[in-house]
Amino acid sequence: MKERELINAAVAAMKKAYSPYSGFCVGAALLCESGAVYTGCNVENASYGASNCAERTAVFKAVSEGEREFAAIAIVGGKGGKITDFCPPCGICRQVLSEFAGAGFRVLLFDGENAKTLLLSELLPHFFAKNNLE
């Protein structure tokens with residue numbers, strides 16, 4: 001899958017966001033090593049702690065379908081559903097991604113005009129991992 005196709009899938013997912021409290025809509029499209037793509041949007045809740053980010057929605061959907069190896073994720077977001085800047089994943093999402101993705105995992109960000117690719121290791125250089133539990 002081409003990067004632009006993954007970004008387009010994230011944009012489509014963003015349109016499904018449920019964000020009545022913040023008004024900030026986020027979409028994500030997760031590319032698995034198998035070639036499958038899982039999308040997610042943010043889902044807010046009146047009890048803010050019960051909300052879920054788009055990235056985690058995509059990861060949880062993929063894992064629930066048996067996927068365990070991920071290649072890349074595209075993320076877009078913006079107030080009122082308008083993409084105006086890059087929307088990097090929050091710290092919790094970075095940690096969740098690190099559970100299934102290696103340091104070379106690609107994070108594609110799109111600001112409405114330009115795309116840029118970061119590695120998970122750049123976004124979360126010292127993540128807590130399985131080997132920390134040994």
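## Val107, a buried residue

With a relative accessible area of 0%, Val107 is buried, since that value falls under the 20% cut-off. Keep in mind as you look around that this is a predicted model. Val107 sits in strand β4.

Who are its companions? Setting aside neighbours within four places in sequence, Val107 makes contact with Ile73, Ile75, Pro89, Lys116, Thr117, Leu118, Leu120 and Leu123. As for Glu3, which is 104 residues away along the chain, its C-alpha atom and that of Val107 are 10 Å apart.

## The strand around it

Let's widen the view to the strand itself. β4 covers residues 106-110, and four of these five residues are buried, so the strand is largely enclosed by the rest of the structure.

## Partners of β4

On the parallel side, β4 is joined by four bridges to strand β3, residues 70-79. One of the pairings here is Ile75 with its bridge partner Leu109 in β4. Ile75 also appears among the contacts of Val107. Together with helix α3 (residues 91-100), β3 and β4 form a β-α-β unit, and this unit is right-handed.

Strand β5, residues 115-119, runs antiparallel to β4, and five bridges join the two. Here Phe110 has Ala115 in β5 as its bridge partner. Lys116, Thr117 and Leu118 are also among the residues that Val107 contacts.

## The turn between β4 and β5

What separates the strands in the hairpin of β4 and β5? Four residues lie between them, and Gly112 adopts a positive phi near 100° in this hairpin.

Methods. Residues numbered from 1 in each chain as written. Predicted model: local features only at pLDDT ≥ 70, side-chain atom pairs only at ≥ 80, totals over all residues. Heavy atoms only, no water. Buried < 20%, exposed > 50% of the residue type's maximum accessible area, 1.4 Å probe, protein only. Pairing = 2+ DSSP bridges. Right-handed = clockwise from strand over helix to strand, strands pointing away. Contact = heavy atoms within 4.5 Å.
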